[in-house]
Amino acid sequence: MTETFVPKNIIVTGGAGFIGSNFVHYVVDNHPGTHVTVLDALTYAGNLDNLKGIPEDRMDFVHGNICDAELLDRIVPGHDAIVHYAAESHNDNSIANPEPFVRTNVVGTFRLLEAVRKYDIRYHHISTDEVYGDLALDDPHRFTEETPYRPSSPYSSTKASSDMLVRAWTRTYGIRATISNCSNNYGPYQHVEKFIPRQITNILTGVRPKLYGAGLNVRDWIHTEDHSSAVWTILTKGRIGETYLIGADGEKNNIDVLRIILRLMGEPEDAFDHVKDRPGHDRRYAIDSTKLQTELGWKPTHTDFESGLKATIDWYAAHPEWWEKTKAATEERYRRQGQ
Ligand code: NAD
Ligand code: DAU
């Protein structure tokens with residue numbers, strides 16, 4: 001299918017975070033006709049180092065908050081699309097303190113939608129498979145675009161709320177929007193609070209990995225570069241008003257992922273601690289991405305999870321300066337939670 005929208009000048013919110021920065025690199029590397037403006041508040045999760053090496057003529061950086069309507073009035077005119085990644089993204093943080101999640105994920109999305117309506121530009125909304133709640137471990141079904149919303153955590157309920165705002169603004173005001181709901185991402189530049197980087201950096205610092213509960217919860221892993229190519233495909237070829245699920249058939253339970261990490265890092269496969277489980281912990285996520293693959297022709301390329309994980313381990317081992325600054329504070333936060 002050919003591209004129906006060719007963006008020249010896009011705003012990427014949250015472009016200094018894990019997945020947003022990967023998308024910025026993806027656009028700069030693969031689409032020379034598109035200029036990127038990153039809008040990012042540089043919270044604890046944002047890091048300008050993630051954008052190092054991008055030529056000055058391909059990207060501008062604006063340090064600011066998506067909730068700031070006056071700032072949006074200054075920067076949105078002249079752009080033809082917003083790709084909205086900015087969010088409070090970590091479930092455990094949302095359980096400890098939900099308020100920033102409501103502010104950024106719900107109110108922030110509302111502000112962006114109002115700017116999109118005012119300046120009549122294209123909008124792509126990045127969301128998560130967690131809006132669909134969880135599946136039983138033995139359920140033969142996977143999530144599809146038709147699965148009813150049933151979020152469990154403060155984080156996922158704010159993401160679900162933001163998706164609903166996008167749908168309402170599309171139907172009521174006719175904004176040109178698409179939504180994607182992706183499964184768990186892995187790869188370089190992911191904050192050390194998240195499962196895979198936390199365990200890798202624990203091992204690198206001589207600390208035993210921490211598994212919540214029995215570790216039987218299943219996540220559907222996708223490499224973040226595949227997420228980026230899927231978002232570009234939807235932005236440029238997707239049908240307005242549609243939702244597309246993004247996934248790469250990567251279901252694995254947590255204990256198996258941890259054992260692979262331990263083995264790849266030369267540690268005994270039982271060298272970890274079971275810690276307190278996450279309250280309300282979703283059991284299983286699983287994505288059926290048939291619509292995206294058949295309608296828009298997208299395919300993942302990182303289909304060998306173990307080699308993607310090995311490359312991710314090598315990246316964290318080679319870049320301690322990137323993660324050491326945040327590791328101690330992150331572990332202190334987990335220690336206070338008993339995790
Ligand atoms: P992240 O926490 O690594 O990065 C979030 C970025 O948003 C940071 O750079 C932060 O500074 C910025 N930000 C936060 N609040 C802001 C505000 N009010 N104004 C401007 N910038 C702000 O997150 P991530 O893991 O890269 O996730 C990015 C998006 O992808 C989120 O919308 C998340 O819900 C979604 N998502 C994540 C995953 C995953 O596995 N991590 C999977 C599916 C969807
Ligand atoms: O499914 C998409 C979602 O994936 C995104 O919307 C979220 O932004 C992203 O953070 C991620 O959410 P999860 O809660 O699934 O990711 P997390 O890395 O926090 O945890 C993955 C699994 O590992 C989960 O079952 C909890 C478990 N876990 C996590 C940590 C941090 C552990 O067992 N030990 C840990 O130390």
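Rings of Phe, Tyr and Trp, the last represented by its six-membered ring, are taken as a pair if their centres lie within 6.5 Å. In the predicted model, ring pairs of this kind join Tyr132, Phe143, Tyr149 and Tyr285 into a cluster. Across the whole structure, the search returns 13 aromatic pairs.

Among these pairs is that of Phe101 and Tyr155, whose ring centres are 6.4 Å apart and whose planes meet at 80°; the arrangement is therefore edge-to-face, since planes over 60 degrees apart are assigned to that class. The contact connects distant parts of the chain, with Phe101 in helix 4 (residues 99-119) and Tyr155 in helix 5 (residues 154-173), 54 residues apart. Phe101 is buried, its relative accessible area being 1%, and Tyr155 is likewise buried, at 8%.

Within the cluster, Phe143 and Tyr285 form a tilted pair, with a distance of 6.5 Å centre to centre and an angle of 40° between the planes. Phe143 is located in the loop between strand 5 (122-128) and helix 5, whereas Tyr285 belongs to the loop between strand 13 (273-275) and helix 9 (290-296); the pair therefore ties together parts that are 142 residues apart in sequence. Both Phe143 and Tyr285 are buried.

Arginine side chains are also placed over tyrosine rings. Arg117 lies over the face of Tyr173, at 3.7 Å from the ring centre. A second such placement involves Arg333, which lies over the face of Tyr44 at 5.9 Å from the ring centre.

Key. Residues numbered from 1 in each chain as written. Chains lettered and ligands numbered in written order. Predicted model: local features only at pLDDT ≥ 70, side-chain atom pairs only at ≥ 80, totals over all residues. Heavy atoms only, no water. Phe/Tyr/Trp six-rings, centres within 6.5 Å; stacked < 30°, edge-to-face > 60°. Helix = DSSP H or I, 4+ residues; strand = E, 2+ residues; numbered from the N terminus. Buried < 20%, exposed > 50% of the residue type's maximum accessible area, 1.4 Å probe, protein only. Lys NZ or Arg CZ within 6 Å of the ring centre and 35° of its normal.
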